[in-house]
Amino acid sequence: MIEAKGLTKRYGKKLAVDDLTFSVAPGRVTGFLGPNGAGKSTTMRMILGLDNPTAGDVRIGGKRYTELHHPLRTVGALLDAKWVHPNRSARSHLTWMAKSNKISPRRVDEVLDIVGLSAVADKRAGGFSLGMSQRLGIAGALLGDPEVLLFDEPVNGLDPEGILWIRKFMHRLADEGRTVFVSSHLLSEMALTASELVVIGKGRLIAQSSTDEFVTRATESSVKVRSPQLDRLRAALDRLGATVTAEDDALLVSGVSSEKIGQLAMENQVTLHELSPQRGSLEQAFMQITGDSVEYHADLESEAQRALATTN
Ligand SMILES: Nc1ncnc2c1ncn2[C@@H]1O[C@H](COP(=O)(O)OP(=O)(O)OP(=O)(O)O)[C@@H](O)[C@H]1O
């Protein structure tokens, strides 16, 4: 469990992280979304004790990072996959990490196996592809068998196979009951990977909710209706004040729930061939929410606060 309360970081005049309060629960993958410069890396660095908050605090399992006796056994992180010394082999890099954290050298072979690098364990890390480097970084994060894992943009630059591997791996870690917090600006990827989202913009919290809720709340929801008596249904919808658009042999209705449309159809003896709520994509939701419109920001911030109030 990660809990941030009023987390704030100021660099000179720049407020990089502004009063962030959110929590990340175990047993699921939580995505950390925000446009470039939103403050994701700064937040992750504060979780890991690499930067001190200007105000507020962030705890892992109730403790600040600096209070953890064996940090690597509590929290593992992949921040930058390319920080490994290029002349070191994967095994010697991990052995060095294990030694300096009092972790049994046996664990090195275990994590190499978990991430599928056993066959290249003695090769120079400098010759690794990005995908292999990411796996090595993840092996390092797993060394202490930690409950909490942080990944900063883990799929950046990976090919589809590498992306799929990371996605499945995150799910596996969450299924093992771990807390998995992963930042990305690849929204469609997050929609497939994360079941929960923490969304920030300009250092501030915009939303914390399930991925489904986030998309439904942020994109205009409409309902597609097909019927052999569309004209009659349309007239009834017009009387109700719904917004109706004709689309091929169907109507797209917004402002009225699918339940209400079904009820209306029955009351007007209209046969329905389709009644399907249309969902927006995570991209649409994200662009709408983090777009530059100040008014919209204000709206969603209060909406986010309401959402938080109901979950607290
Ligand atoms: N050490 C620093 N000194 C001054 N400003 C900083 C420092 N680190 C970050 N910033 C600024 O703080 C803001 C947040 O940066 P941060 O890297 O946390 O964002 P991010 O969401 O991770 O962005 P990206 O997706 O581009 O990595 C940016 O405006 C950045 O320029």
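Here a trainee asks a mentor how the terms used for this structure are justified.

Trainee: How do you know what kind of model this is, and how are residues numbered?
Mentor: It is a predicted model: local features need pLDDT of at least 70, side-chain atom pairs count only at pLDDT 80 or more, and totals for chains, interfaces and linings use all residues. Residues are numbered from 1 along each chain as its sequence is written.

Trainee: What makes a residue part of the shell around the ligand?
Mentor: Its C-beta atom, placed from the backbone, lies within 6 Å of the ligand. Tyr11, Lys14 and His185 are among the residues that surround the ligand.

Trainee: Which element gives the most to that shell?
Mentor: α1, with three residues. Helices (H or I, at least four residues) and strands (E, at least two) are DSSP runs, numbered from the N terminus. α1 covers 40–47.

Trainee: What makes Lys14 charged and Gly34 polar?
Mentor: Asp, Glu, Lys and Arg count as charged; Ala, Val, Leu, Ile, Met, Phe, Trp, Tyr, Cys and Pro as nonpolar; the others, Gly among them, as polar. The shell has three nonpolar, seven polar and two charged residues.

Trainee: Why are β8 and β9 called paired?
Mentor: Two strands pair if DSSP finds at least two bridges between them. Six bridges join β8 to β9, so the pair qualifies. The two run antiparallel. Val198 has Gln208 in β9 as its bridge partner.

Trainee: Why do β5 and β9 stand at the edges?
Mentor: The open sheet has the order β5-β6-β7-β3-β8-β9. β5 and β9 each have a single partner strand, so one side of each is left without a neighbour in the sheet.
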